[in-house]
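Okay, thanks for coming, everyone. I'll put the sequence and the model up, and then we'll walk through them together.

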Amino acid sequence: MSEAKSVFESMLGRFDADEADDMEATFQFDLDDADSYHLTIADGECEMGEGEHDDPTVTLSMDLDTLKAVMSGELDGMAAFMQGKIRADGDIMLATKLTQIFPI
């Protein structure tokens, strides 16, 4: 299993359905140095998909180390965005909820 896939699988294990209440969204992750993945949230569940989604709600572009640092709590997502380590397209406000939906 790739390192990127293991990061996304750990995120699935931390999915907080209460935080994602009534949310219907697709987070596209375009990783500079790994395969792309997307997480689709609907009906209180989260599913992972490999590759690019046809119509993501928000697309986040970064390298794998940045993703790991944000999802482990070592790096604040907003700080990473302000430093240019994360690029976002689409519903940027949704991206700010990522660590609430997938708590550490």
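So let me start with a quick one: does Asp-22 count as buried or exposed? Have a look before I go on. Okay: Asp-22 has a relative accessibility of 73%, so it counts as exposed. You'll find Asp-22 in the loop between helix 1 and strand 1. I picked Asp-22 for its backbone, because we'll come back to that in a minute: phi is near 65°, a positive value in a residue other than glycine, and the exposure cut-off is over 50%, which 73% clears.

Before that, one reminder: what you're looking at is a predicted model.

Right, the overall picture. We have five helices and five strands. Reading from the N terminus, the order is α-β-β-β-β-α-α-β-α-α. The C-alpha atoms fill a box of roughly 30 × 30 × 25 Å along the principal axes. What about the radius of gyration, then? For 104 residues, a compact globule would come out near 13 Å, and this protein has 12 Å, so the two agree.

Some more whole-protein numbers. Of the 104 residues, 38% are buried. Take the contacts between residues at least 6 apart in sequence: 64% of those join residues at least 24 apart. The accessible surface is about 5800 Å², and carbon and sulfur atoms account for 43% of that. On charges, there are 6 positive and 25 negative, and their mean positions sit 8 Å apart.

Okay, on to the aromatics. How many aromatic pairs are there? The count is four. One of them is Phe-27 with Phe-29: the ring centres are 6.5 Å apart and the planes are at 20°, so this pair is stacked. For stacking, the planes have to be under 30 degrees apart. How accessible are these two? Phe-27 is at 0% relative accessibility, so it is buried, and Phe-29 is also buried, with a relative accessible area of 0%.

Which residues join them in a cluster? Phe-8 and Tyr-37 do, so to speak: Phe-8, Phe-27, Phe-29 and Tyr-37 form one aromatic cluster.

Let's stay on Tyr-37 for a bit. Tyr-37 is in strand 2, residues 37-42, and with a relative accessible area of 2% it is buried. What does Tyr-37 touch, leaving out residues up to four places away in sequence? The list includes Phe-8, Phe-27 and Phe-29 from the cluster, and also Ser-2, Ala-4, Lys-5 and Gln-28. Further along the chain, Tyr-37 touches Met-48, Gly-49, Glu-50 and Gly-51. There's also a C-alpha separation of 8.2 Å between Tyr-37 and His-53, which are 16 residues apart along the chain.

His-53 turns up again with Thr-26. Thr-26 is in strand 1 and, at 6% relative accessibility, counts as buried. Again leaving out residues up to four places away, Thr-26 touches His-38, Leu-39, Thr-40, His-53, Pro-56, Thr-57 and Val-58.

Next, helix 2, residues 64-72. Which of its residues are buried? They are Leu-64, Thr-66, Leu-67, Ala-69, Val-70 and Met-71. And what covers them? The cover includes helix 1 (3-13), strand 1 (25-31), strand 4 (58-62), helix 3 (77-82) and helix 5 (98-101). After helix 2 comes Gly-73, with a positive phi near 90°.

That brings me back to positive phi, as promised. Besides Asp-22, look at Asp-43: phi is near 55°, again positive in a residue other than glycine. Asp-43 is in the loop between strand 2 and strand 3 (45-50), and at 68% relative accessibility it counts as exposed.

Last stop, Gly-13 in helix 1. Buried or exposed? Gly-13 is at 68% relative accessibility, so it's exposed. Now follow the chain to Phe-102: Gly-13 and Phe-102 are 89 residues apart in sequence, and their C-alpha atoms are separated by 8.4 Å.

That's my tour. Over to you for questions.

Terms used
Residues numbered from 1 in each chain as written. Predicted model: local features only at pLDDT ≥ 70, side-chain atom pairs only at ≥ 80, totals over all residues. Heavy atoms only, no water. Buried < 20%, exposed > 50% of the residue type's maximum accessible area, 1.4 Å probe, protein only. Helix = DSSP H or I, 4+ residues; strand = E, 2+ residues; numbered from the N terminus. Contact = heavy atoms within 4.5 Å. Phe/Tyr/Trp six-rings, centres within 6.5 Å; stacked < 30°, edge-to-face > 60°. Rg over C-alpha atoms; globule rule 2.2 N^0.38 Å. Areas by Shrake-Rupley, 256 points an atom, 1.4 Å probe, with all protein chains shown as cover. Lys, Arg positive; Asp, Glu negative; His and termini not counted. Charge placed at Lys NZ, Arg CZ, Asp CG, Glu CD.
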